[in-house]
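Me: Please show me the model, and then explain the grounds for the terms used to describe its architecture.

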Amino acid sequence: MTLLAIAIAIAVVAAGCDTGPPPATPPIVPGSSVAPREVNIVMKDWQFLPDPVDVVPGETVLLHVVNGGLEVHEAVIGDPAVQDAWDAAEAGAANPPPGPTPIVSVAPDVAGIRIVVASGQRVDLVWTVPADSAIVGRLVLGCHIPGHWAKGMREAITVAPPRG
């Protein structure tokens, strides 16, 4: 093999390793109340997949929230005030005795959406995304089971362009 052929082979392999930034979200066909768009969210190892979750303002989605981890997780959807409220409520329940996660609550004006899912389970929920893109842009998905938020279990909910 010539030196030129080796250099080309190395360049091809190196180019295949550099994937660059992730591609932009393609336009989404928004869901409706009659036909919600299905969105899968998997929770495991202090993360949510996909990251971020893309939604179209005003659409209706059927969330399939799956816990692929070994611990109970929750998916809290809300703005920073909602996330702070759940974080404070869950912190008050830190170090509970073994067993199910203690029942905690927050004031209705900062409740957002909260879905608690046991290990290996799935919970489905129909959600109509706020119609105002500015509100959607402030939404975060987080888990406030004690210690999970601190370990980085949060992600953005982003506004995606509708198709057509």
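Reply: The following exchange takes up the secondary structure, the sheet and the surface in turn. This is a predicted model, in which local features need pLDDT of at least 70, side-chain atom pairs count only at pLDDT 80 or more, and totals for chains, interfaces and linings use all residues. Residues are numbered from 1 along each chain as its sequence is written, and side-chain values use heavy atoms, with hydrogens and water left out.

Me: How do you know how many helices and strands there are in the chain?

Reply: Helices are DSSP runs of H or I with at least four residues, and strands are runs of E with at least two, numbered from the N terminus. The chain has three helices and nine strands, in the order α-β-β-β-β-β-α-β-β-α-β-β.

Me: What makes β1 and β4 a pair?

Reply: Two strands pair if DSSP finds at least two bridges between them. Strands β1 (residues 37-44) and β4 (residues 60-67) share seven bridges in the parallel sense, so they pair by this definition. V39 has L63 of β4 as its bridge partner.

Me: Why are β2 and β7 said to stand at the edges?

Reply: The open sheet of four strands runs β2-β1-β4-β7 with mixed pairing. Because β2 (47-49) and β7 (122-128) each have a single partner strand, one side of each is left without a neighbour in the sheet.

Me: What share of the residues counts as buried?

Reply: Buried means under 20% relative accessible area, with a 1.4 Å probe and protein chains only. Of the 164 residues of the chain, 32% count as buried.

Definitions and conventions: Buried means under 20% relative accessible area, exposed over 50%, partly exposed in between (1.4 Å probe, protein chains only).
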